[in-house]
Amino acid sequence: MINLANLTKRYGDRLAVDDLTLSIRPGAVTGFLGPNGAGKSTTMRMILGLDRPTSGTALVCGRPYHEIERPLRTVGALLDARAVHPGRSVRGHLLALARSNGIPARRVAEVLERVGLAAAAGRRAGALSLGMSQRLGIAAALLGDPGVLMFDEPVNGLDPDGVRWVRNLMRSLAAEGRTVFVSSHLMSEMQLTADHLVVIGRGRLIADAPLADLLVATAVLVRSPHAGDLAVRLAAEGCEVVRRAENELVVTGAPVERIGDLAHEAGIRLHELSPREPSLEQAYQELTADSVEYRVSEGSAR
Ligand SMILES: Nc1ncnc2c1ncn2[C@@H]1O[C@H](COP(=O)(O)OP(=O)(O)OP(=O)(O)O)[C@@H](O)[C@H]1O
């Protein structure tokens with residue numbers, strides 16, 4: 001459990017984090033969303049005792065970070081995957097961390113196995129690809145078997161396999177009853193990963209709600225030459241289905257990805273699959289419209 005109460009950080013005349021009060025609960029993946037410069041990293045750094053709040057408190061399991069004995073056993077974090085001693089081996093990096101935190105050395109082999117780096121244990125940490133560095137950073141976070149985990153943009157720069165791997169890991173860590181707090185600017189990713197969302201803009205809390213609440217209005221238009229069969233299938237999954245024309249359905253109650261997967265599993269061809277109402281991406285854009293610091297104008301290069 002992480003508890004923030006009136007958490008505030010000011011840099012000069014700039015309010016990076018502005019009076020945040022919220023709780024991040026165990027047994028769920030909580031996505032932490034916000035445009036660039038919204039204050040996500042600063043919030044995470046304050047939770048980890050790396051930045052001092054100007055006012056307010058950030059508690060992990062009821063205590064400020066600096067009062068936690070052997071903190072790696074309580075909270076593990078990945079903030080910057082490249083922050084390793086480049087000359088050390090993968091195993092050596094983790095062993096040094098384990099030693100300085102009173103963690104038994106056998107945990108090193110366990111976490112290397114869990115993140116799929118067992119075969120790379122002897123490689124130099126500085127020579128790893130970005131994806132492998134992320135895995136090493138995650139291994140370090142898991143070393144003390146902590147109940148609270150925080151990841152700052154863990155899928156940045158990963159290929160689709162890496163992204164899927166991180167997603168599954170987050171979900172399994174939450175299923176084990178841990179608190180998983182993960183920042184991202186990728187709404188589509190959070191839509192697939194998170195159970196709960198915290199959205200901030202210009203340091204202020206914009207939304208703190210279950211993912212399902214932010215997706216409530218989502219309806220998906222589906223066109224298929226076998227719309228009737230698909231409608232039966234979707235209804236059996238608990239979706240609400242309106243047949244608008246011979247080949248056309250409007251479906252609510254499942255995200256677009258799930259509908260596509262169901263059609264695929266049933267071997268039903270689709271001619272169109274498109275969200276009609278606000279998706280999380282759209283809901284997020286509306287929520288943060290007033291708080292984007294640097295906006296790219298329509299039509300300019302991205
Ligand atoms: N050490 C610092 N000194 C001065 N200003 C800072 C410092 N660190 C962050 N800021 C400012 O605080 C605000 C919040 O930054 P922060 O990095 O927390 O945002 P973020 O949501 O993590 O953004 P991004 O997604 O771009 O990483 C920004 O305006 C940033 O310029």
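**Exercise 1.** State in which strand Asp19 is placed, then give its phi and its exposure.

Solution. Asp19 sits in strand β2 (residues 14-24); strands (E, at least two residues) and helices (H or I, at least four) are DSSP runs, numbered from the N terminus. The model is a predicted one, in which local features need pLDDT of at least 70, side-chain atom pairs count only at pLDDT 80 or more, and totals for chains, interfaces and linings use all residues. Residue numbers start from 1 along each chain as its sequence is written. Next, the phi of Asp19 is positive, about 60°, although Asp19 is not a glycine. Last, count neighbours: a residue is buried if 20 or more other C-beta atoms, placed from the backbone, lie within 10 Å of its own C-beta, exposed if 12 or fewer, and partly exposed in between. Asp19 has 15 C-beta neighbours inside 10 Å, so it counts as partly exposed.

**Exercise 2.** Do the same for Asn6.

Solution. Asn6 belongs to strand β1 (residues 2-11). Its phi is near 50°, a positive value in a residue other than glycine. Because Asn6 has 12 C-beta neighbours inside 10 Å, it counts as exposed.

**Exercise 3.** Check the span of helix α4 and describe its cover.

Solution. The expected span is 1.5 Å times one less than the number of residues. For the 13 residues of α4 (residues 130-142) this gives 18 Å, and the end C-alpha atoms are 18 Å apart, which agrees. Ten of the 13 residues are buried, so α4 is mostly covered. Among the buried residues are Ser133, Leu136 and Leu142.
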